[in-house]
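Colleague: I have some questions about this chain. Please show it first, then we can go through it.

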Amino acid sequence: MSLIQQRLPQRLCASAVSVALASMAATTSFAQETEQVVVVTAQSRSQQIQNVPIAVQTMSGAALKDIGVANLGDVDAFVPGLSIDTSQSVRPSVYLRGVGTQDFGIGTDSPVGIYTDGVYTGKNGGSLLNFNDVKRIEVLKGPQGTLFGRNAAAGAISIVTNDPVNRVEANGLVRIGSHGTRHAEALYNTPLTDSLSLRISAVTQQDDGWARNAYNGKRMGDDGDRGVRAAVRWQGDDSAATLSWEHEVMRASGPPVFSLTNNKINYGGPATWTNPLNTQLNNDAEPDMQGRTFDGVTLRIETPLSFATLTSTTAYRHYNAQNWQDNDAGANAATALSTGIVESNATWQQEFKLSGETGKINWVSGVSAYRERAASVQSVSATTTSLDTIINHSAGLSPYATLTALAQGLGKATGNGALQGVNLLGQSWSEYMHDKGEYRAYAVYGDAIWHVSDSSNLTLGGRYTHDQKSFSWYNPSRTASGLDTTLAALNQANFFPSLVAARLLTATQAATLKAVTTSNIQFTNPGSAKAPFSADKSWNNFSPRVVLDHHLTPDHMAYVSWSKGYQSGGFDAVGVNGQYDKELVTNLEAGLKGSVNSLGLSYGASVFRYKYTNLQSLTLVPASATSGIPVYQIVNSDQKATGVDLEGQWKLNRIWRLNGSLEYLDQTYDHYVAPTGVSLDGQPAGAPYLSASAGVAAKWPVADGKADVNLMYGYQGKKRCNADTSATGNCLPDSVVGAGKARERVDARVGWTAASGRWGVGLVVSNLTNKQYVSVSTLGSAVGSPYVYVSKPRVIALELRAQL
């Protein structure tokens, strides 16, 4: 019998194959476990995390609740190598080991797979749900293609919820805090029969916002999230089935944006920008809100066969999301610019997985089918006054001011009172891009651990994937009802021919000005202006994985792994017929992992090197003479990185526990020419060199009860700028703007629980040091008003808990 088998209960060995591959290189747990052993299931098998040859960091749901973590957006500060930008709640961007995408369109997928109970969450618009009865979170770094139903080229985040159990449980939690924070959770679990159990939980997270908008006096930066989860589990003698439903509704104001030019038109670039934290919030977009309605249903069936255990997972997910926001950070009519996106997304997933043990081989195999239907409408809104600002900057012409002056002048000259009253300025103008996508993915995958000897194991895995995607674009003519009414009156009055006859304009000038008033300025592709333009494409891939691990002693292990990852190509949601090729990654990793039980110490260390081909990412291309408004574009680059992951946990005694983790990453472009024409070969890709976290937790008897303290510190080093990001202003860590500077976050809790365990109180502080950070968007540079998003300030809340 191998050492792995000796260290696990016999009933776990059959399923230990799958988990053994996911957790072994860098592990940290926030949980205050009563034992040193942490068990994970990220690879479809239950296994001690110290016996899994992959970089994994785990966080228990109880510990996350203790420090007030509401969703994944609050986790990244404490997971080195993980970065989640939540500036826009329904359009988050997720990065792991420097790899991710900022794309919010429906044409791409994230290279970081997010799964809830093994079910892929789909597009990132539905990924940032509030935690509801979460058991633990497992963050797996590096390609994970052989154990999940969908690819995860950069890594995976696995959220595991609590199943119903055959006993009565009931508990609740209420927090009241600064900025009008109201947070409440409730859970009820009960057996319905000897074999059937029900579990229902609910979470609500509300606050009034932290920033006052001078434009209308309303508060912004608020939370408004309510969710419920219900599950029924049937447990037979050998088989089990769990049916769960999750529902969540989020409504909040649009993301507050702060001007970099002090609410003035300024095309001077980053050298002239001011500190946005000293600028008054002044957002005038209508509407200005974010929202999402999410529903998910999952049926999981587990049944033993004569040679293996069969698990069937059937899942449906659907969400509607919208994001409307200001894009000029001011209430100046000459800079009015706002955007919106409305998205609908539905996914169906079916996965069959077999796991078993045959002689010296533990194995897992699976087949999966995935279908997704998505639709979105992206809009850009301005006024004819701000269009004059855009066009004048790019082409030296203010068409609406010019036409207004000509109409009024001609009216005076001819005594035409109607023309004297013409004003084409201040009229609304909106453009739309309608996208539809339908995607199918089929995969066969497997993973087997061969126990070569009592101390050595060889793991072989592979995945074959077929992806099919269909996409369509439709960008109709702009909507400007007020302008069209005025233009119709001018045309009826023979306005343009009269200007030519009066020699105020040439025929060419008149035709040009007339065309400007009816032509799109942002979504301008003629091939999709009258009817949708469609495209179809498919991709195939085989991704292998090889791991060799060796136990130096029963408590210390070394391993080396080589794996490949894949993500299908896709379509640019804004660029009509914009297509990009599949993304490939090769990852080589070696590590050590173990524990010194006499000292209560466990550790993990790994070194890795990866190389990406055609890494997909979203970039904002600056405005040009032919395009007055900057446009988002999907680009591909070749990147490489070398890095180190370190972690440790130390149980000093029965009271105190310490943990810490660190990642060093040297990520550069292997080959990439930015849309601005700048070659970035060999230059940094943006990720910081260093990210780290540390924590201390303690529990001790006091006043006929138990006191607890939990303090977590997270650090992300400053972004590594390159020639392109420095020039565009997206990376200015040492400037007054501070975009990309090093970030720190401290979350804390002090609490007391009665000896009965029935109730307790606490003080929870998020962002204890009140640090706020900015991220730059140059979309507003079209009207000379770039802006920043700002992270939330400190939140202090009092807590009351109770349970049966």
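Colleague: Is Thr 121 buried or exposed?

Modeller: First, the basis: this is a predicted model, where local features need pLDDT of at least 70, side-chain atom pairs count only at pLDDT 80 or more, and totals for chains, interfaces and linings use all residues. Residues are numbered from 1 along each chain as its sequence is written, and side-chain values use heavy atoms, with hydrogens and water left out. Buried means under 20% relative accessible area, exposed over 50%, partly exposed in between (1.4 Å probe, protein chains only). Thr 121 has a relative accessible area of 11%, so Thr 121 is buried.

Colleague: Where is Thr 121 found, between which strands?

Modeller: Strands here are DSSP runs (E, at least two residues), and helices are runs of H or I of at least four, numbered from the N terminus. Thr 121 sits in a loop. That loop lies between β8 (119-120) and β9 (134-141).

Colleague: Which residues is Thr 121 in contact with, leaving aside neighbours within four places in sequence?

Modeller: Contact means heavy atoms within 4.5 Å. One of the partners, Thr 116, also stands opposite Val 119 in β8. The contacts of Thr 121 are Ile 114, Tyr 115, Thr 116, Gly 126 and Ser 127.

Colleague: Which strands stand at the edges of the open sheet with β8 in it?

Modeller: Two strands pair if DSSP finds at least two bridges between them. The open sheet has 5 strands with mixed pairing, in the order β3-β9-β10-β7-β8. Each edge strand has a single partner strand, so one side of each is left without a neighbour in the sheet; the edges are β3 (56-60) and β8.

Colleague: How many bridges join β7 to β8?

Modeller: Strand β7 covers residues 112-116. The two strands run antiparallel, and the number of bridges is 2.

Colleague: How many bridges join β19 to β20?

Modeller: β19 and β20 form a hairpin with 4 residues between them. Arg 292 has Ala 321 in β20 as its bridge partner. β20 (residues 309-326) runs antiparallel to β19, and the bridges number 15.

Colleague: Which residue in β19 does Leu 243 stand opposite?

Modeller: Strand β17 (residues 240-253) and strand β19 (residues 289-304) run antiparallel, joined by 14 bridges. The residue in β19 opposite Leu 243 is Leu 299.

Colleague: What is the relative accessibility of Val 783?

Modeller: Val 783 is in the loop between β37 (774-777) and β38 (787-790). Not counting residues up to four places away in sequence, Val 783 touches eight partners by name: Ile 265, Tyr 267, Asp 328, Thr 335, Leu 337, Ser 386, Thr 389 and Ile 390. Val 783 counts as buried, because its relative accessibility is 0%.

Colleague: What is the relative accessible area of Asp 447?

Modeller: Asp 447 lies in strand β23 (residues 428-450). Its C-alpha is separated from that of Val 546 by 9.5 Å, with the two positions 99 residues apart along the chain counted as their spacing. Asp 447 is buried, and the area is 2%.

Colleague: What is the radius of gyration of the protein chain?

Modeller: The chain comes to 11 helices and 39 strands. The globule rule (2.2 Å times the number of residues to the power 0.38, with the radius taken over C-alpha atoms) gives 28 Å for 804 residues. The chain is close to that, so it is as compact as a globular protein of that length, with a radius of gyration of 29 Å.
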